[in-house]
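Visitor: I would like to go through this protein with you, beginning with its charged pairs. Could you show it to me?

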Amino acid sequence: MSNATAPSSDFAATPPPTQPTIEAFTFTGRGSEYFRIWIVNILLSIVTLGIYSAWAKVRRTRYFYDNTSVAGSSFEYHGNPIAILKGRIIAAVLIGGYQVAIRTNPKIGLLVLIPLMAAMPWLIWRSYQFKLYNSSYRGIRFGFKGSAGQSYFNYLLLPLLSAFSLGLLLPFAHQRTKKYLHSESKFGATHFSFDASVGAFYKIYLICFVIGVLGFIGIGVLFGSSLLALGAAGKHAGPAAFGGTFFMIILAMYAWMFLIIPLGLTMVQNLIWSNTKLGEHHFQSNLKWTTVFFIMITNLIAIVCTLGLFTPFAQIRALKYRLESVTLLAAGSLDHFIADAEPHGSAAGEGMSDLLDFDLSL
């Protein structure tokens, strides 16, 4: 009779770990297609004195959603242009009232600004609800469960504290706003989660700050000798020489900042999406700084050379690269999500975010 011990049933029943399925995001939009949408939207918005802008937003957003897909399915946008138009009218009245008040009397303008700023976190909160509720994937809508109180903390208190701290709390505020948006967002009944640390945000800000300071020091050293030589020459140098040198210094500083901005954008997107999950499904972002910089600089040159007509092509190029740098590491099937009832949100908040050009997207 054998003395061998049978393996534990618990051990035998433990399934081997499964590797996640890599599902890449794809964007099939083309500049030539979007140019037609873009130019028609502009012309009709001008002809209708801005009324068509709500329909333009829906048409533009639907084009982007329809051409964005993952795991063989594209996204859908369900925004109602009438609701967006009403929201934009309310937002325009609020902003227009402030502009009239500030031009009439600065003190009255300040009194109008205070309640307007106090309402902004509420509008942002409702805008999140509206934007996500009107977005869907495979017939299931997204949603936002964050509270108004959290919005006031993230979009009123933290910006004030950051200002009083001379910007030292800015990375903390940035991390908290992204955590609020991602952690409180849902796909059906499944929550997103966000685990990027505050320290990781401080690291990005510190890297950009150090690179910026070193660049400005280098520019100062490079042009410092020229300024000293011009100062020694005195009147013989002439104002044109001083003006030309200062122009070159400012131009060099702008050029250096243009190098830092894509670096910061790259690190922030990679940090945010590589630390975001949907249930057990992970996301990963692999933007490359050199590619982001190349796209930004070539887009800028092309827009200037075409007097703005390259703008829709530039938007497609930038969006395509950003989206296709993100992948979904699916831990299992994407067919088991359950729909959930969500609040519709407010188109007034959506209209305000559009007018003030806020980026409230995920």
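Guide: A salt bridge here is a side-chain nitrogen of Lys or Arg within 4 Å of a carboxyl oxygen of Asp or Glu. This is a predicted model, in which local features need pLDDT of at least 70, side-chain atom pairs count only at pLDDT 80 or more, and totals for chains, interfaces and linings use all residues. Residues are numbered from 1 along each chain as its sequence is written, and side-chain values use heavy atoms, with hydrogens and water left out.

Visitor: How many salt bridges does a search of the whole structure find?

Guide: Side chains of opposite charge can pair when their charged atoms come close. One such pair is Arg 30 with Glu 33, at 3.0 Å from N to O, and another is Lys 320 with Glu 324, at 2.9 Å. Over the whole structure, the number of salt bridges found is 3.

Visitor: How many residues apart in sequence are the parts that Arg 138 and Asp 335 tie together?

Guide: The closest N and O atoms of Arg 138 and Asp 335 are 2.7 Å apart, forming a salt bridge. Arg 138 lies in the loop between strand S4 and S5, whereas Asp 335 lies in the loop between S10 and helix H12 (helices, H or I of at least four residues, and strands, E of at least two, are DSSP runs numbered from the N terminus), so the pair ties together parts whose separation in sequence is 197 residues.

Visitor: Is Asp 335 buried or exposed?

Guide: Buried means under 20% relative accessible area, exposed over 50%, and partly exposed in between, with a 1.4 Å probe and protein chains only. Because its relative accessibility is 57%, Asp 335 counts as exposed.
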